[in-house]
Amino acid sequence: PVLVVDFGAQYAQLIARRVREAGVFSELIPSTASAAEIAAHNPVAIILSGGPSSVYEEGAPRLDPEVFELGVPTLGICYGFQVMAQALGGEVAHTGLREYGATDAALVGSGGVLLEGQPLEQNVWMSHGDQVSKAPAGFEVLASTAATPVAAFGNAEKCFYGVQWHPEVKHSDFGQKVIENFLHKAAGLPANWNAGNVIAEQVERIKEQIGDARVISALSGGVDSAVSTALVHKAVGDQLTAVFVDHGLLRKGEREQVEKDYVESTGVRLITVDAEETFLGHLAGVTDPEEKRKIIGREFIRAFEKVQLDLVAEARESGEKVKFLVQGTLYPDVVESGGGTGTANIKSHHNVGGLPEDLDFELVEPLRTLFKDEVRAIGRELGIPEAIVGRQPFPGPGLGIRIIGEVTRERLDILREADAIAREELTKAGLDKEIWQCPVVLLADVRSVGVQGDGRTYGHPVVLRPVSSEDAMTADWSRLPYDVLSKISNRITNEVREINRVVLDVTSKPPGTIEWE
Ligand code: XMP
């Protein structure tokens, strides 16, 4: 792989994604790894990430200097660029000149292999206080800005390059080109990593892991479980049983999507558990958000567990073993639990919690090395319908935490209609990619006066909560076009009788969370 040395998580993950977008497999490794550990991964190239520190700071992350003796093509970015300069005998200075955000960079000479084929002036995204004041001996300066004379450098013989700006962010106009030039032209790596290869490789691995045992999988209707289940099905066919719990808190059309479209496109053997009555029964009278979440979580596990026990019993009768459980764990989860390069423990909430210990499942996690957008690409390649693969995040507790107040079937039906209209109009306006998600929240205990036709109405408001985000940790409210908002508002108030007002949530996260409960 291309190893991305992580000096600060956000930047490093983004770099790893861009490298993969360029068709080369990449993985993260913490900056504390020794040169020997790095070498053990057989890197075809190394990229040193940016990070929040200053190279002068006490405790600033360092890099084992022997990494530069491995003979591996290396690209330093921002902080990584400064680490590289310092390690190889250049100078890093704290000049007091800072550059943040959009900055003009100019090529020096031809810009070398790294900046080849790019305009003489380009817009790059900067975020730094320190700067490289002198390139190491043997290095050529490849670009500069008004405040930073050494904004990029290279040593073609060693195949060492560095840029002060962040090529991984979309605000750098030719950022992806910088990364591609480094990978393909400087390091000579072919672009041969893609969804098709991943599928073939994973299918082989899964076959090897599962052998002729039986395996079960929980389908939530979300992207990750849909794709991991389809991959495992492709590998072992009907040794797999998928379980889908309908808790009555799903959105309009969701169950049909799973039961019909998904099953038709993948051929997966599916068991649906009808648990609406059980869930709504336990939710009756409950208004506290945390209590709702606890009840939904607990009942989900109970429903799933029961099916598992049935399956295990059935399998035991025929002398088979249900030994495996499919999980849709993604690479960011693995990285966050401290396992940058592969073998880490799994965060407990990714196990379908609370399974009886004696079931003793072994996990199958075919998405462990992948990012969300890659999972989507693989899902498309596997023929999973776009309505599932392109889905925006939807919380496990479903519409149950989007009704402020008690959850009842009637209220769920009202919210389902409003939510379906909002989603339909956002899709029609081509905004699905732009927004992260748009919860619609029913303020079930609030009423306001309105007028419709000739009569007075006394209905409920719904809140639209469109947000943009990279990872849901932080978010901003989306500036949706007024005409789209207007269309959604008109349709909801006209088509959903109980709703007479639509309001817009204009709060960022923090301080608000994305969901209301
Ligand atoms: P908040 O409301 O915490 O949401 O800003 C962040 C993201 O997580 C989703 N979310 C959940 N997803 N189970 C899930 O699988 C949950 O209990 C849950 N609660 C919130 C939310 O939709 C948003 O994308």
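This is a short walk through one protein chain, its central features and its ligand.

Thanks, everyone. First, a caution: this is a predicted model.

Let's start with the whole chain. The protein chain has 517 residues, and a compact globule of that length would have a radius of gyration near 24 Å. The chain comes out at 26 Å, which agrees. Along its principal axes, the C-alpha trace spans about 75 × 70 × 40 Å. Buried residues account for 44% of the chain. Now the contacts. Take those between residues at least 6 apart in sequence: 75% of them join residues at least 24 apart.

Next, secondary structure. We have 15 helices and 23 strands. I'll pick out one sheet. It is open, has 5 strands, and pairs in parallel. The order is E14-E13-E12-E15-E16. Who stands at the edges? Strand E14, residues 270-274, and strand E16, residues 362-364. Each has a single partner strand, so one side of each is left without a neighbour in the sheet. On average, neighbouring strands here are turned by 30° against each other, direction ignored.

Look at one pair inside it. E12 covers residues 214-219, E15 covers 322-326, and 4 bridges join them in the parallel sense. In that pairing, Val215 stands opposite Phe324 in E15.

Now add a helix. H7, residues 223-236, lies across E12, E13, E15 and E16. Helix H7 runs at about 160° to E12.

Last stop: the ligand. Which residues surround it? Pro393, Pro395, Gly396, Pro397, Gln437, Ala472, Lys509, Thr513, Ile514 and Glu515. By character, that shell divides into 5 nonpolar, 3 polar and 2 charged residues.

That's the tour. Thank you.

Notes: Residues numbered from 1 in each chain as written. Predicted model: local features only at pLDDT ≥ 70, side-chain atom pairs only at ≥ 80, totals over all residues. Near = placed C-beta within 6 Å. Nonpolar A, V, L, I, M, F, W, Y, C, P; charged D, E, K, R; others polar. Pairing = 2+ DSSP bridges. Helix = DSSP H or I, 4+ residues; strand = E, 2+ residues; numbered from the N terminus. Axes fitted to C-alpha atoms, helices over the stretch in contact; angles between N-to-C directions. Contact = placed C-beta atoms within 7 Å. Rg over C-alpha atoms; globule rule 2.2 N^0.38 Å. Buried ≥ 20, exposed ≤ 12 C-beta atoms within 10 Å, placed from the backbone.
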